[in-house]
Amino acid sequence: MAAVFVVLVVICALSVHNFASFRNIQGMLMAVSTVGIISCTMLFCLAGGDFDLSIGSTAAFGGVLAAYFLAQGRPLWFALLIPLLFGALIGIVNGFVIAKVGINALITTLATMQIVRGAGMLVSNGSSIGVSDESFMKLGQTSIGPAGYQVGSPVLIMVACFIVFGVLLSRTTFGRNILAVGGNAEAARLAGISVVRTKIIVFMLQGIMAAFAGIVVASNVTSGQPNSGIGLELQVISACVLGGVSLSGGVGSMFGVIVGVLILGVVDNAMSLRNVDEFWKLVASGGILLAAVMFDRLKSRNRNTG
């Protein structure tokens, strides 16, 4: 997929006006930062043989909770910590129901998606909650770098997440356990790996990172919006699968996820610069997801027959 990404960038740079400008690249990276942050832990979920459809709702809930507590006059640390704890709780519930009770990930995370979306609506009364705390806004609006070539804090946070979770997956026993559980859960159990505990931790991390991404978005747009994050789960899963993460588990790398996130960003950015209708963007997004799933199936078939 790295070769596909390079070819795609060259074609867009030659055929789309202003595509290769720093300002456009800066905007493109800002646009994919939320998907990138959450993709780090969705990689863990997929590599462990599961997926999480509740991330969009959890992100919206995290942003709404942070904005709600700030509007109530709570200190900044409280407004940041409590949404992360709720994100962890949502993830633990998902992981427990899937790994311990045995309900499949589709049903479980669909249910929590609805529950968490409803909770966000209840907290916000269905409306956006404005934020005026300048310290909170620095999280999503700070830029670093020389004048004219600055990089926004959401992009820097995304890069930091790529590094931290990439090291966690490839350089630690926990990361190897995730791949082992996703590859063959029974073999992993016989090898002494606690499958249930590993999956619960993975979903807990996913919940925390989804809530954190929602906080960063709320900081950037200065409001907590209960309707935000709709469709985010499909973008995140598409990015991971495009990056070579197997839907059947056991295979995945952070480098691949980075490539997948950037491919999605390049395609969306090129269509925006060419003023492609939003409806056609939806068609293209669905087509990319379908193509990625078919590619994953072909790779799995080749692995099994090879």
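A residue counts as exposed when its relative accessible area is over 50%, as buried when that area is under 20%, and as partly exposed in between. In the predicted model described here, asparagine 125 has a relative accessible area of 70% and is therefore exposed. Asparagine 125 lies in the loop between helix 5 (105-124) and strand 1 (129-130). Its backbone adopts a positive phi, near 60°, in a residue other than glycine. Most residues other than glycine have a negative phi.

Threonine 222 also carries a positive phi, of about 60°, although it is not a glycine. This threonine is located in the loop between helix 10 and strand 4 (223-224). With a relative accessibility of 25%, threonine 222 is classed as partly exposed, because partly exposed residues fall between the 20% and 50% limits. A positive phi of about 90° is further found at glycine 244, just after helix 11.

Helix 11 itself, spanning residues 232-242, is mostly covered, with nine of its 11 residues buried. The buried set comprises Leu232, Glu233, Val236, Ile237, Ser238, Ala239, Cys240, Val241 and Leu242.

The packing of helix 2 (residues 22-47) against helix 7 (residues 153-171) was examined next. Two packed helices are described by the angle between their axes and the distance between the axes. For helix 2 and helix 7, the angle is about 20° and the axes are 8 Å apart. Since angles under 35 degrees count as roughly parallel, the two helices are therefore roughly parallel to each other. The crossing of helix 2 and helix 7 is left-handed. On the helix 2 side, the contact is formed by Leu29, Met30, Val32, Ser33, Gly36, Ile37, Cys40, Thr41, Leu43 and Phe44. These residues meet Pro154, Val155, Ile157, Met158, Cys161, Phe162, Phe165, Leu168 and Leu169 of helix 7. The residues of this contact divide into 16 nonpolar and three polar, with no charged residue.

Two residues of helix 10 (residues 195-221) were considered individually, one of them being serine 219. Serine 219 has a relative accessible area of 0% and is therefore buried. The side chain of serine 219 reaches the backbone oxygen of phenylalanine 136 at a distance of 2.6 Å. When residues up to four places away in sequence are not counted, serine 219 touches Phe136, Met137, Lys138, Leu139, Gly140 and Gln141.

Lysine 199 is likewise placed in helix 10. Its relative accessible area of 16% means that lysine 199 is buried, because the limit for a buried residue is under 20%. Apart from residues up to four places away in sequence, lysine 199 touches Gly48, Asp50, Gly95, Ala99 and Val181.

Alanine 180 belongs to helix 8 (residues 173-183). At 29% relative accessibility, alanine 180 is therefore partly exposed. Its contacts, leaving aside neighbours within four places in sequence, are with Ala185, Ala188 and Ile193. Alanine 180 and isoleucine 144 are 36 residues apart along the chain, and their C-alpha atoms are separated by 39 Å.

Note on methods:
Residues are numbered from 1 along each chain as its sequence is written. This is a predicted model: local features need pLDDT of at least 70, side-chain atom pairs count only at pLDDT 80 or more; totals for chains, interfaces and linings use all residues. Side-chain values use heavy atoms; hydrogens and water are left out. Axes are lines fitted to C-alpha atoms, for helices over the stretch in contact, and angles run from 0 to 180 degrees between N-to-C directions. Helices (H or I, at least four residues) and strands (E, at least two) are DSSP runs, numbered from the N terminus. Angles under 35 degrees count as roughly parallel, over 145 as roughly antiparallel, 65 to 115 as roughly perpendicular and the rest as oblique. A crossing is left-handed if the near helix is turned anticlockwise from the far one by less than a right angle, and right-handed if clockwise. Contact means heavy atoms within 4.5 Å. Ala, Val, Leu, Ile, Met, Phe, Trp, Tyr, Cys and Pro count as nonpolar, Asp, Glu, Lys and Arg as charged, and the others, Gly among them, as polar. Buried means under 20% relative accessible area, exposed over 50%, partly exposed in between (1.4 Å probe, protein chains only). A polar contact is a pair of N or O atoms within 3.5 Å; within protein, one must be able to donate a hydrogen and the other to accept it, and residues adjacent in sequence count only if both atoms are side-chain atoms.
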